[in-house]
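Got the viewer open and a hand on the mouse? Let's take a walk through this one, stop by stop.

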Amino acid sequence: MFLTILKNANLGLAFLLELGVLAALAFWGFSTGSGAFAKIALGIGFPALAIVVWALFGSPQATWHLNGIWRLLLQIVFFGSAAVDLYAAGQRVWGVVFALLFVLNTTLVYAWGQ
């Protein structure tokens, strides 16, 4: 029963990490752009692009759901971009924490066959 609780918590963490990617991309876009138009375009455009890519290839109900090494590569790029963007936007501690949570979550997902 305790293992079931841990597995469900890990799936919840996966969902929160997905939302975190969008927040990190938006934060990076709004803090990086020079000028109001660039800030809005980057702050909204990059998260929108990430949503489309994840919906097409990464989500469980994706049109072209990737498996195996291709899914792992997509996850590394998708979640890694959030960690890199946080780090680049000056939020170094949050970038490292996000990367560590991603590694822990992904390791448990593959270990538990989720």
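Start with the open space: the largest pocket holds about 370 Å³. To find the middle of this largest pocket, select A14, R71, Q75, V109 and Q114, which are the closest to its centre among the 21 residues that line it. Keep in mind as you click around that you are looking at a predicted model.

Now colour by helix. Which helices each supply at least two residues of the lining of the largest pocket? Helix 1, helix 2 (36-58), helix 3 (68-88) and helix 4 (92-112) each do. Then try colouring that lining by residue class: ten of the residues in the lining of the largest pocket are nonpolar, nine are polar and two are charged.

Next, zoom out for the overall view. The protein has four helices and zero strands, and from the N terminus on its elements read α-α-α-α. Along the principal axes, the C-alpha atoms fill a box of roughly 50 × 35 × 20 Å. If you shade the chain by accessibility, buried residues come to 28% of the 114 residues in the protein.

On to the second largest pocket, with a volume of about 170 Å³. Select L25, F46, L49, A50, V53, L74, V77, F78, S81 and D85, and you have its lining on screen. Which helix gives the most to the lining of the second largest pocket? That is helix 3, with five residues. Helix 2 is also there, and helix 2 and helix 3 each supply at least two residues of this lining. By class, the lining of the second largest pocket splits into eight nonpolar residues, one polar and one charged.

Now pick out N10, which sits in helix 1. Is N10 buried or exposed? N10 counts as buried because its relative accessibility is 4%, and the cut-off for buried is under 20%. While N10 is selected, add T106 and draw a distance between the two C-alpha atoms: they are separated by 9.1 Å, although N10 and T106 are 96 residues apart along the chain.

For the last stop, go to the start of the chain and select M1, in the segment before helix 1 (2-32). M1 makes a nice contrast with the previous stop: M1 counts as exposed because its relative accessibility is 81%, and exposed means over 50%. Switch on the surface and add F2, L3, I5 and L6 to your selection. Together with M1, these residues form a nonpolar patch on the surface, with about 580 Å² of accessible area together.

Note on methods
Residues numbered from 1 in each chain as written. Predicted model: local features only at pLDDT ≥ 70, side-chain atom pairs only at ≥ 80, totals over all residues. Heavy atoms only, no water. Patch = residues over 30% accessible without salt bridge, like charges linked within 9 Å, V, L, I, M, F, W, Y side chains within 5 Å. Areas by Shrake-Rupley, 256 points an atom, 1.4 Å probe, with all protein chains shown as cover. Salt bridge = Lys/Arg side-chain N within 4 Å of Asp/Glu carboxyl O. Buried < 20%, exposed > 50% of the residue type's maximum accessible area, 1.4 Å probe, protein only. 1 Å grid on protein atoms, 1.4 Å probe; cavity = no way out; pocket = protein on both sides within 12 Å on 5 of 7 lines; lining within 4 Å. Points joined across faces, edges and corners; volume = space filled by probe spheres on them. Nonpolar A, V, L, I, M, F, W, Y, C, P; charged D, E, K, R; others polar.
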